[in-house]
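Ready for some short exercises with a structure viewer? Each one sets a task and then walks through a solution.

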Amino acid sequence: MTATHDGDWLDDEVLEVVGADQELRHAAMEVRRTLQTAPVDPDFARRLGAEVVARRQQVIEERSQRRWRPPALWPLPRPILALGGAALAVVLVLGAILAARPAPVPVAATSAVAGLASLDPSGRVVVHFSRAMDHGAVTAALHVTPATAVRTDWSGEDLMVTPVNGLVPNSAYVLTIDAGRARTASGGHLPGDLHVVFGTAPVPQPGGTPPPAVALPLRTLAAAGEDSEAVIVGQGLLLATSATKFGATGVMRLHATGAAEWLGPATDAICVSRNGRSLAYLERGGGTTSIVMAASDGTAPKTVTVPVDEGSPLGWMDDGEVSFVGGGQLQAVDRDGHVRVLASQQVDAARDSVVISPGGRYAFLRSGSAPAAPGQGRLLDLAKGAGHELPGVVDQPAFSADGGTVAWFDGSGAVPRLALAPSAGGPVLRLPLPVAAADRVSDLGLAPAGGRFVYAVQHPNGQAELRLAAIDDGATLAAAQRGGGSPNWAADGDSVAVLTHSGSQPEIAVADVPAATASGADAAAALATSFAAAQVGGDQGALRTLARSGVDVGRLPAASRASVVQVSHQSDGSYRVELRLTVDPTPRHPSARARTESLELRSSGQGGTLQVSRAVAGPLADVAPGPHLARIAAGARAGTVALTFDADLDAASVRGAFTVPATYDAATRTVTVSPAGARTLTVGTSLRDVAGQHLASELRETVTPG
Amino acid sequence: MREAFPGEADLVERARTDPHAFGQLYERYVSQIFRFVHNRVRDRSIAEDLTSEVFFKALRAIDRYRPTSRPFSAWLYQIATNTVIDHVRTRRTTLDLDAVAHRPDGQPPVEEQVARRADVERVWDAVADLVETQRLAVTLKLGQDMHTADIAACMGRTEGAVKLLIYRGLNTIRQKLEEAAPSRREA
């Protein structure tokens with residue numbers, strides 16, 4: 001680079017072009033000086049910037065909601081658009097125009113967060129107005145529901161709203177500009193209230209200091225083919241797609257005792273049904289392909305010959321059909337060999353990533369021709385004929401055993417995070433992982449009872465780990481100093497089958513995971529959360545998997561989001577869980593609606609697995625003004641109970657509203673009380689939020705201090 | 001992919017799902033794109049319209065952008081180049097000297113600015129008279145300080161070809177300036 005007088009310079013590439021020719025150099029200087037004298041108008045740049053962000057948001061939302069067209073004979077109803085469809089809140093509610101008043105001035109309010117279902121609760125909201133506004137009047141006209149203490153700043157016609165204590169996670173919000181108070185800069189009044197509606201993402205709920213990670217022992221059962229996969233089909237019993245034992249290679253039934261049985265030639269796909277009763281694997285030979293459907297231990301096989309594409313996975317659809325990729329399309333075949341097309345979308349199974357959920361309702365597809373960049377891949381809802389992206393997804397996603405929840409590694413940030421969401425779409429929980437930016441994470445597997453997961457970590461120095469981690473906070477509970485791919489959990493959650501390596505030799509191994517240390521209440525909360533996720537997705541199959549056979553899950557209502565309010569242990573050993581189901585507001589209905597749902601959870605006779613034994617949903621209604629109880633649980637200190645509210649409380653109202661000693665933490669909106677022993681706790685209607693709105697009705701809760 | 005600034009690749013990836021990441025890319029490039037467009041159309045109002053159009057096209061097309069094919073900046077300038085070409089084709093607006101002298105963003109010509117203004121206009125005219133490929137290469141190199149490799153990616157030519165275009169363009173500009181200078185003195 002050559003610097004000259006007045007700060008002019010020519011870079012080395014230009015100097016190379018002009019050489020020693022001083023006149024040419026002078027001409028280049030003049031051209032550069034001339035061409036760099038057009039600064040952009042800052043006001044124009046700022047306005048265009050706000051518009052660009054809003055339009056980009058609209059594109060992202062439209063893309064995520066873009067309809068995927070089912071086959072012509074699709075028998076199911078059209079999908080219902082979710083909240084996310086509202087991308088850009090330009091909401092003008094026409095009000096009555098008083099004869100004596102001047103004509104109202106149309107004003108549009110746009111915000112990049114409008115219509116988002118998973119805004120970071122620590123984020124701020126920027127609202128851009130299409131006209132110059134009276135800043136003081138607009139600020140006075142602003143209110144946020146649920147009531148939220150905010151700081152406001154202006155930049156031009158951008159109103160920046162910063163919640164003092166952040167926003168409540170997993171909550172629906174409405175930001176309103178009251179037309180009765182807001183004015184334009186020229187004094188004009190608005191024709192109606194302006195609303196920006198959005199929702200916040202759930203956040204991890206750490207359960208305290210995690211215990212130090214322990215060793216995760218891996219037991220090798222057999223040598224394997226490079227792409228082999230193994231599933232645990234019973235106590236100490238595995239089926240592997242390509243195992244080598246006693247000199248034979250093929251589909252093997254492997255016993256923990258070391259015994260093995262050859263079932264057929266090696267294959268590349270195997271799956272167990274969601275209820276664990278059925279097994280399916282692929283057979284190739286003689287130029288044809290067949291799918292073998294059998295009992296879970298591989299007995300009573302029935303073979304149907306059907307063209308299956310190279311690289312296709314298999315997935316059971318509730319014991320009745322097996323899904324696969326054939327002829328470049330997702331298809332399903334039943335035990336009698338009847339084939340139907342599930343999706344018209346073209347799939348190249350040999351190159352594309354295809355993951356089919358337990359139950360077969362969802363399929364993740366990522367084109368093999370797409371770059372290995374985060375965010376490339378869509379999750380298809382084969383029942384609704386809809387699809388959405390998994391934001392930032394890298395590697396392959398994993399599904400919960402019921403299929404209602406999907407988890408993936410979000411590689412959009414500097415360090416990968418674990419993301420979880422209802423498979424049908426909804427608020428996304430992002431969980432930090434104890435990994436470095438250069439680490440590569442892969443091979444995710446969710447434990448069947450929820451609460452834990454396994455994944456593989458490849459460090460830059462070549463070392464690999466298989467980790468068992470907690471869903472609560474991502475903490476590592478146990479680790480093996482070997483990589484482990486293609487994890488498949490046992491139905492009881494006690495072990496995981498993986499493909500690992502000894503040197504360059506692939507091996508099938510089993511990791512015996514430490515017993516879960518979660519309390520019964522935590523397990524109940526985990527089941528209720530999975531149940532709620534399935535309900536948000538309207539996934540009847542997943543609901544049936546999580547509930548006892550007598551529970552009429554078909555009558556349970558849908559929702560935009562759900563949260564666990566309270567888990568209580570009953571004297572008969574069952575658990576009662578209170579859920580809050582929320583229907584997010586929309587620009588047309590700028591008010592959240594909610595209902596409570598009561599779940600009864602009981603252990604099944606065999607193995608003590610919790611199941612939903614009763615579910616009763618209350619009526620749906622607009623959320624009343626004032627604070628609402630979002631969570632009630634044992635407090636961090638012994639003998640205390642923590643009540644978390646959905647709004648910022650007026651701290652001065654707390655003490656008088658409780659009949660027992662109470663302290664308020666504004667940062668978490670949590671009141672901690674110290675009742676003496678188990679008792680009924682009463683919260684009076686004198687409790688109010690920062691907007692001065694009182695508790696709608698007295699609360700009486702039976703509590704058990706921690 | 002060559003990064004124009006640290007973290008650009010990550011920002012581009014995040015922009016696929018995060019509108020604010022796209023907003024950060026916009027903030028990085030809006031001044032450069034505006035200047036590039038302005039240098040081509042020499043009208044602030046039109047330049048603002050076209051700059052808006054460039055970013056509106058980019059925000060719709062970024063999902064199809066593949067970082068392996070060319071740097072993000074080259075991709076964006078390609079959009080800007082096409083937008084300007086489309087504008088010129090449809091409008092055929094060529095500003096004459098009078099129009100330039102009275103363009104709305106210009107300061108009122110005061111005595112001490114006259115000489116410099118005339119110099120600027122001569123240079124602008126010289127650049128405007130170049131054949132399209134030379135004008136694009138010179139504008140990107142000297143107006144935007146882009147790397148030759150990125151200009152090559154933007155124009156779909158080799159680096160050597162781009163250097164040749166710049167060299168020929170500068171030679172032509174030098175000749176034009178030399179021709180204009182005596183006439184100005186005579187005037």
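**Exercise 1. Decide whether helix 3 of chain B is mostly covered or not.**

Solution. Step 1: count the buried residues, where buried means under 20% relative accessible area, exposed over 50% and partly exposed in between, with a 1.4 Å probe and protein chains only. Of the 18 residues of helix 3 of chain B, 13 are buried, making this helix mostly covered. Helices here are DSSP runs of H or I with at least four residues, strands are E runs of at least two, and both are numbered from the N terminus.

Before going on, a note on the model: it is predicted, with local features needing pLDDT of at least 70 and side-chain atom pairs pLDDT 80 or more, while totals for chains, interfaces and linings use all residues. Residues are numbered from 1 along each chain as its sequence is written, chains are lettered from A and ligands numbered from 1 in the order in which they are written, and side-chain values use heavy atoms, leaving out hydrogens and water.

**Exercise 2. Find which residue of helix 3 of chain B pairs with B:Tyr26.**

Solution. Step 1: apply the ring rule: rings of Phe, Tyr and Trp (its six-membered ring) pair if their centres lie within 6.5 Å, and planes under 30 degrees apart count as stacked, over 60 as edge-to-face and the rest as tilted. The whole structure holds eleven aromatic pairs over all chains.

Step 2: look at B:Phe55. Its ring centre is 4.9 Å from that of B:Tyr26 and the planes are at 75°, so the pair is edge-to-face.

Step 3: place the partners. B:Tyr26 belongs to helix 2 (residues 19-41) of chain B and B:Phe55 to helix 3 (residues 44-61) of chain B, so the pair ties together parts that are 29 residues apart in sequence. Both B:Tyr26 and B:Phe55 are buried.

**Exercise 3. Classify the ring pair of A:Phe453 and A:Tyr455.**

Solution. Step 1: the centres are 5.5 Å apart and the planes at 25°, so A:Phe453 and A:Tyr455 are stacked. Step 2: check burial; both A:Phe453 and A:Tyr455 are buried.

**Exercise 4. Describe how chain A and chain B meet.**

Solution. Step 1: with contact meaning heavy atoms within 4.5 Å, 46 residues of chain A touch 53 residues of chain B.

Step 2: buried area is the accessible area (1.4 Å probe) that two parts lose on being put together, summed over both. Between these chains it is about 4,400 Å², with carbon and sulfur atoms giving 64%. In chain A, the residues losing the most area to chain B are A:Val17, A:Leu35 and A:Arg56, together 15% of what that side buries.
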